[in-house]
Amino acid sequence: MTAEATTIAMVLLKRHKEVCGGFKGVPPKNITDRMVEECVIFYGNLCERAGVPFLTHGVGRFLGEIAEWCEKNGWPPLNSLAVNRATGMPGIGYDGAPGSDLLLWPEQVRQCMVFGGYPEAI
């Protein structure tokens, strides 16, 4: 994984632990849209927190690397937490990421939110 993807993944892991951690073990079907809105992070905010604000419009490549890492480990796609501010959903590139399907995103983000097996760090 590239240094950029690793840095972005660390922000997503921290976000997952701090914001989604309370949902661990909850059935995904019990996660409301409001809960999803609380857990996701906008691309711009994600890149700012990762210290790479210049990647906001090109972050998809690195989110794809994170998706590949998750798929290789049998985890829900952590990249599902990153969304476009205007739509509240991932961009079209989400479809091209391993294990990620834009039509299945509502279920995938919920699975991500309740998953308790992500590591603390990469």
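**Exercise 1. Decide whether S100 is buried or exposed, and find what surrounds it.**

Solution. S100 has a relative accessible area of 8%. Buried means under 20%, so S100 counts as buried. The model is a predicted one, and the value is computed from it. Next, place the residue: S100 sits in the loop between strand 2 (82-83) and helix 5. Last, list its contacts. Setting aside residues up to four places away in sequence, S100 touches A67, P77, N79, Y94, D95 and Q108. One of these, Q108, is a buried residue of helix 5.

**Exercise 2. Check whether the length of helix 1 agrees or disagrees with the expected span.**

Solution. Helix 1 covers residues 3-20, which is 18 residues. The expected span is 1.5 Å times one less than the number of residues, so helix 1 should span 26 Å. The C-alpha atoms at its ends are 25 Å apart, and this agrees with the expectation.

**Exercise 3. Describe which residues of helix 1 are buried and what covers them.**

Solution. Start with the list: A5, I8, A9, V11, L12, L13, R15, H16 and C20 are buried. Their cover includes helix 2 (33-39), strand 1 (41-42), helix 3 (43-50), helix 4 (60-73) and helix 5 (105-114). Then take two residues from the list.

- L12 touches I41, L46, L63, I66, L78, N79 and L81, not counting residues up to four places away in sequence.
- H16 has 7% relative accessibility and therefore counts as buried. Apart from neighbours within four places in sequence, H16 is in contact with G21, L78, L81, C112, M113, F115 and Y118.

**Exercise 4. State how many residues the largest nonpolar core has, and which elements supply it.**

Solution. The largest nonpolar core has 38 residues. Those with the most contacts inside it are I8, L12, L63, I66, L78, L81 and M113. Two or more residues come from each of helix 1, helix 2, helix 3, helix 4, strand 2 and helix 5. Helix 1 gives the most, with seven residues.

**Exercise 5. Determine how many residues of helix 5 are buried, and name them.**

Solution. Seven of the ten residues of helix 5 are buried, and the helix is mostly covered. The buried ones are W105, Q108, V109, R110, C112, M113 and V114. Helix 1, helix 2 and strand 2 are among the elements that cover them.

**Exercise 6. Find the salt bridges that R34 makes, and explain the spacing of the partners along the helix.**

Solution. The whole structure holds five salt bridges. In one of them, the side chains of E37 and R34 meet at 3.5 Å, N to O. In another, the closest N and O atoms of E38 and R34 are 4.0 Å apart. R34, E37 and E38 are thus linked in a network.

Now the spacing. An α-helix has 3.6 residues a turn, so residues three or four places apart point the same way. E37 and R34 lie three residues apart in helix 2. E38 and R34 are four residues apart in helix 2, which means a separation of about one helical turn.

Finally, the exposure. R34 is exposed, with a relative accessible area of 53%, and E37 is exposed too. E38, at 39%, counts as partly exposed.

**Exercise 7. Describe the salt bridge between K72 and E68.**

Solution. The closest N and O atoms of K72 and E68 are 3.3 Å apart. The two residues are four places apart in helix 4, so about one helical turn separates them. K72 is exposed at 66% relative accessibility, whereas E68 is partly exposed at 36%.

Note on methods. Residues are numbered from 1 along each chain as its sequence is written. This is a predicted model: local features need pLDDT of at least 70, side-chain atom pairs count only at pLDDT 80 or more; totals for chains, interfaces and linings use all residues. Side-chain values use heavy atoms; hydrogens and water are left out. Buried means under 20% relative accessible area, exposed over 50%, partly exposed in between (1.4 Å probe, protein chains only). Contact means heavy atoms within 4.5 Å. A nonpolar core is a set of buried Ala, Val, Leu, Ile, Met, Phe, Trp, Tyr and Cys residues joined through side-chain atoms within 4.5 Å.
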